[in-house]
Amino acid sequence: YLQQRQQQEEEEEEQRPLKVLLQLFEGLNYVNIGNVVAFLLNVLITYYAGSKDDILWLSNLPTTTRATTNTTTLVTPAPFIFWIWIVVYASQLVFVLAQCLPSYRSLPIIQLGVEFFYMIVCFMH
């Protein structure tokens, strides 16, 4: 009996992280998941577009860095101006993570107020 009990406890211990992960995602709906997916796609596409020269159909366009350093006009921003995007993306990350928390995920401001608007903003960016 003790051996069976010990084996059962070991199996439960192995499954514990999975149970915690499933409980974390248990109450999420299409708005919460859509916001997370939109944020991740936005970050990946923006990073890739700004740092790589060989984007499939955009291979002849310069990166953001090269375009701003090689082109100087009266309205060309200084390189440090682009650091604001760190604050923007950090704020978006806080929102995306917060709206997944059990205490916020079903609030009307998230479900009805934000709804698809955040996904649209990420798509338009």
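**Notes on a predicted all-helix model**

1. Let's start with one residue on the inside. Asn32 is buried, and its relative accessible area is 0%. Asn32 belongs to helix H2, which covers residues 30-51. Please keep in mind while reading that this is a predicted model.

2. What does Asn32 touch, once its neighbours within four places in sequence are set aside? The contacts are Gly27, Gln99, Arg105, Ile110 and Gln111. With Gln99 there is also a polar contact, side chain to side chain, at 2.8 Å. If you want a place to begin in the viewer, try this pair.

3. Now for the overall layout. The protein chain has 6 helices and 0 strands. Read from the N terminus, its elements go α-α-α-α-α-α. Of the contacts with a separation of 6 or more, 66% are between residues 24 or more positions apart.

4. How much of the chain is buried? Of the 125 residues in the protein chain, 18% are buried. The chain exposes about 10100 Å², and 68% of that is supplied by carbon and sulfur atoms.

5. A word on confidence. The average pLDDT of the protein chain is 80, and 77% of the residues score at least 70. Where is confidence lowest, and where is it highest? Helix H1 (residues 2-25) has the lowest mean, 71, while helix H4 (residues 84-98) has the highest, 93.

6. Helix H4 is also home to Gln92. Gln92 counts as buried because its relative accessibility is 17%, and the cut-off for buried is under 20%. The side chains of Gln92 and Tyr118 are joined by a polar contact of 3.0 Å. Beyond its neighbours within four places in sequence, Gln92 is in contact with Phe39, Asn42 and Tyr118.

7. Moving on to helix H6, take Cys122, which is found there. Is Cys122 buried or exposed? Cys122 is buried, with 7% relative accessible area. Leaving out neighbours within four places in sequence, the contacts of Cys122 are Ala38, Phe39 and Asn42. Phe39 and Asn42 are also among the contacts of Gln92, so it is worth looking at both residues together with Cys122.

8. Cys122 gives a good example of residues that are far apart in sequence. Cys122 and Val37 are separated by 85 residues along the chain, with 9.8 Å between their C-alpha atoms. Met124 makes a similar pair with Asn42: these two are 82 residues apart along the chain, and their C-alpha atoms are separated by 9.4 Å.

9. Met124 is in helix H6 as well. With a relative accessible area of 63%, Met124 is exposed, because the cut-off for exposed is over 50%. Phe117 is another residue found in helix H6. Phe117 counts as exposed too, at 55% relative accessibility.

10. Which residues form the nonpolar patch on the surface? Tyr30, Phe116, Phe117, Ile120, Phe123 and Met124 do, and together they have about 770 Å² of accessible area. Helix H6 (residues 117-124) contributes the largest share of the patch, 4 residues. Helix H6 therefore holds exposed residues such as Phe117 and Met124 as well as the buried Cys122.

11. One last detail, about the backbone. Most residues other than glycine have a negative phi. Glu115 has a positive phi of about 35 degrees, although Glu115 is not a glycine. Where does Glu115 lie? Glu115 is in the loop between helix H5 (108-114) and H6. Its relative accessible area is 24%, so Glu115 is partly exposed: the value falls between the cut-offs of 20% and 50%.

Notes: Residues numbered from 1 in each chain as written. Heavy atoms only, no water. Patch = residues over 30% accessible without salt bridge, like charges linked within 9 Å, V, L, I, M, F, W, Y side chains within 5 Å. Areas by Shrake-Rupley, 256 points an atom, 1.4 Å probe, with all protein chains shown as cover. Salt bridge = Lys/Arg side-chain N within 4 Å of Asp/Glu carboxyl O. Helix = DSSP H or I, 4+ residues; strand = E, 2+ residues; numbered from the N terminus. Buried < 20%, exposed > 50% of the residue type's maximum accessible area, 1.4 Å probe, protein only. pLDDT = per-residue confidence, 0-100. Polar contact = N/O pair within 3.5 Å; in protein donor to acceptor, adjacent residues only side chain to side chain. Contact = heavy atoms within 4.5 Å.
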